Amino acid sequence: MSLSNQLESGKELRARVDAFKALCRSRALRLTEQRLEIFRTLAQSKAHPSAEAVFAAVRKKLPNISLDTVYRTLASMEEAGVVFRVGLSTKARFDADLTPHYHFVCMNCGEVYDVLPQPGAPALVVPQHISQFGEVKNVNLQFRGICNRCRAAAEQK
């Protein structure tokens, strides 16, 4: 998976990294060079990369990092609420964009696309009775279907 779908603004990346640093401090999560580079790699991509794709990108800057370290770091970041998993359950994909948005997941190729809420549309409301099951920490709404690229490829066959 390529991380080529980059954020347009260095300013946006700096804002995400600054917010990440603040979240780490507030949640007593050590801010190591590896953790920062893993987050920076996630934050600069809109491709929702897998752990393997993050590893390949981070390894260019930190050649001694291991895939195990990337997996453990992503798991600790997910547990701390600074990233979350998206996509199909067969392969974890990660998103560092904590702003309210949804995802479209292609059930054929597994690609994940950001879907912004419509302006003026009501926000997703968590049902009050959900408290009988537990405390909601975040909401991750996914639309699943077949992406245009897969649909077009199927039509050409």
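Here are some notes on this predicted model, taken point by point.

1. **The main nonpolar core.** A good place to start is the largest nonpolar core, which has 24 residues. Ile38, Phe39 and Val70 are the members that touch the most others. Helices α1 (10-26), α2, α3 and α4 (67-80) each give this core at least two residues. The largest share comes from α2, with five residues. As general background, nonpolar side chains in soluble globular proteins tend to be buried together.

2. **Isoleucine 38.** If you would like one residue to click on, try isoleucine 38. Setting aside neighbours within four places in sequence, isoleucine 38 is in contact with Val54, Val58, Ile65, Val70, Thr73, Leu74 and Met77. Of these partners, Val70 is also named with isoleucine 38 among the core members that touch the most others.

3. **Helix α2.** How many of the 11 residues of α2 are buried? Eight are, so the helix is largely enclosed by the rest of the structure. The buried residues are Arg35, Leu36, Glu37, Ile38, Phe39, Thr41, Leu42 and Ala43. Please note that Arg35 and Glu37 are on that list along with Leu36 and Ile38. The cover over the buried residues of α2 includes α1, α3, α4 and β2 (93-95).

4. **Helix α3.** The next helix, α3, spans residues 51-61. Its buried residues are Ala51, Ala53, Val54, Phe55 and Val58. Two of them, Val54 and Val58, are contacts of isoleucine 38. An α-helix has 3.6 residues a turn, so residues three or four places apart point the same way. What covers the buried residues of α3 includes α2, α4 and β2.

5. **The loop between α2 and α3.** Two residues here deserve a look. Alanine 47 sits in the loop between α2 (33-43) and α3 (51-61), and it counts as buried because its relative accessibility is 5%. Histidine 48 belongs to the loop between α2 and α3 as well. With a relative accessibility of 1%, histidine 48 is also buried. Histidine 48 has a positive phi of about 50°, although it is not a glycine.

6. **Alanine 28.** Most residues other than glycine have a negative phi. Alanine 28 is not a glycine, yet its phi is positive, at about 55°. This residue lies in the loop between α1 and α2. Is alanine 28 buried or exposed? It is exposed, because its relative accessible area is 72% and the cut-off for exposed is over 50%.

7. **Strand β3 and its partners.** Strand β3 (residues 102-106) pairs with two strands. Four bridges join β3 to β4 (residues 112-115), and this pair runs antiparallel. Four bridges also join β3 to β5 (residues 142-145), and here the strands are parallel. Valine 105 is a handy marker: it stands opposite valine 112 in β4 and opposite arginine 144 in β5. Histidine 103 stands opposite aspartate 114 in β4. Four of the five residues of β3 are buried, which leaves the strand mostly covered.

8. **The β3-β4 hairpin.** β3 and β4 form a hairpin, with five residues between the strands. In the turn, glycine 110 has a positive phi of about 85°.

9. **The largest pocket.** The largest pocket holds about 500 Å³ of space. Its lining is made of 22 residues, and those nearest the centre are Leu98, Thr99, Pro100, Asn138 and Val139. By class, the lining has 13 nonpolar, five polar and four charged residues. To place Val139 against a residue from point 5, the C-alpha atoms of alanine 47 and valine 139 are 20 Å apart, with their positions 92 residues apart along the chain.

10. **Valine 136.** Valine 136 is in the loop between β4 and β5. At 35% relative accessibility, valine 136 is partly exposed. Leaving out residues up to four places away in sequence, valine 136 touches Val126 and Ile130. Valine 126 is 10 residues from valine 136 in sequence, and their C-alpha atoms are 8.4 Å apart.

Key
Residues numbered from 1 in each chain as written. Predicted model: local features only at pLDDT ≥ 70, side-chain atom pairs only at ≥ 80, totals over all residues. Heavy atoms only, no water. Buried < 20%, exposed > 50% of the residue type's maximum accessible area, 1.4 Å probe, protein only. Core = buried A, V, L, I, M, F, W, Y, C linked by side-chain atoms within 4.5 Å. Contact = heavy atoms within 4.5 Å. 1 Å grid on protein atoms, 1.4 Å probe; cavity = no way out; pocket = protein on both sides within 12 Å on 5 of 7 lines; lining within 4 Å. Points joined across faces, edges and corners; volume = space filled by probe spheres on them. Nonpolar A, V, L, I, M, F, W, Y, C, P; charged D, E, K, R; others polar. Pairing = 2+ DSSP bridges.
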